[in-house]
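Work through the exercises below with the sequence and the 3D view side by side, and try each task before you read its solution.

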Amino acid sequence: RAVACGNNAYGQCDLPEAGPGLRYAQVAAGGAHTVLLRSDGRAVACGRNESGECDVPALPGPGLRYLQVAAGESHTVLLRS
């Protein structure tokens, strides 16, 4: 389970559960948002979404997955297979 603490003004510390049988493989913290990579290759984000930084795109096809996540002040980068 991922746990966050600190300033939670935008919900960036309200991390969702990964889901049954899943875990988080990677976490990245931005200026006011958090991005989490699940063990199934999907990503979720929480916190401030003023610039779309929490709008994680759906994977466009079967067999695709996110491999890595990174977060900046107001943007998110996801490396996809």
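**Exercise 1. The hairpin**

In this predicted model, find how many residues lie between strand 2 and strand 3 in their hairpin, and state which sign the phi angle of Gly41 has.

Solution. Begin with the two strands themselves: strand 2 covers residues 33–38 and strand 3 covers residues 43–47. Next, look at how they run, and you will find that they pair in the antiparallel sense, over five bridges. To follow one of these contacts, start at Thr34, whose bridge partner in strand 3 is Cys46. Finally, go to the turn: four residues stand between the strands of the hairpin, and Gly41, which belongs to this turn, has a positive phi of about 90°.

**Exercise 2. The cysteines**

Determine how many disulfides the structure holds, and explain why Cys54 has no bond to Cys46.

Solution. The number of disulfides is zero. Take Cys5 as a case to examine: the nearest cysteine sulfur belongs to Cys13 and is 6.6 Å away, and Cys5 is in no disulfide. Then turn to Cys54, where the closest cysteine sulfur, in Cys46, is 6.6 Å from its own sulfur, and this is too far for a bond, because a disulfide needs two cysteine sulfur atoms within 2.5 Å. As a last step, consider the surroundings of the two residues: Cys5 is exposed, with a relative accessible area of 75%, whereas Cys54 counts as buried at 13% relative accessibility.

**Exercise 3. The salt bridges**

Identify the three salt bridges of the structure, and decide for each partner whether it is buried, partly exposed or exposed.

Solution. Start with Arg1 and Glu17, whose side chains meet in a salt bridge with an N to O distance of 3.0 Å. Both residues lie in the segment before strand 1 (24–29), so this pair ties together parts that are 16 residues apart in sequence. Arg1 is exposed, with a relative accessible area of 72%, and Glu17 is exposed as well, with 55%.

Continue with Arg38 and Asp40, which form a salt bridge in which the closest N and O atoms are 2.5 Å apart. Arg38 has a relative accessible area of 18% and is buried, because the cut-off for buried is under 20%; Asp40, at 27%, counts as partly exposed.

Finish with Glu50 and Arg48, whose side chains meet in a salt bridge at 2.4 Å, N to O. Here Glu50 is exposed, with a relative accessible area of 59%, while Arg48 counts as partly exposed at 28% relative accessibility.

Key. Residues numbered from 1 in each chain as written. Predicted model: local features only at pLDDT ≥ 70, side-chain atom pairs only at ≥ 80, totals over all residues. Heavy atoms only, no water. Buried < 20%, exposed > 50% of the residue type's maximum accessible area, 1.4 Å probe, protein only. Pairing = 2+ DSSP bridges. Salt bridge = Lys/Arg side-chain N within 4 Å of Asp/Glu carboxyl O.
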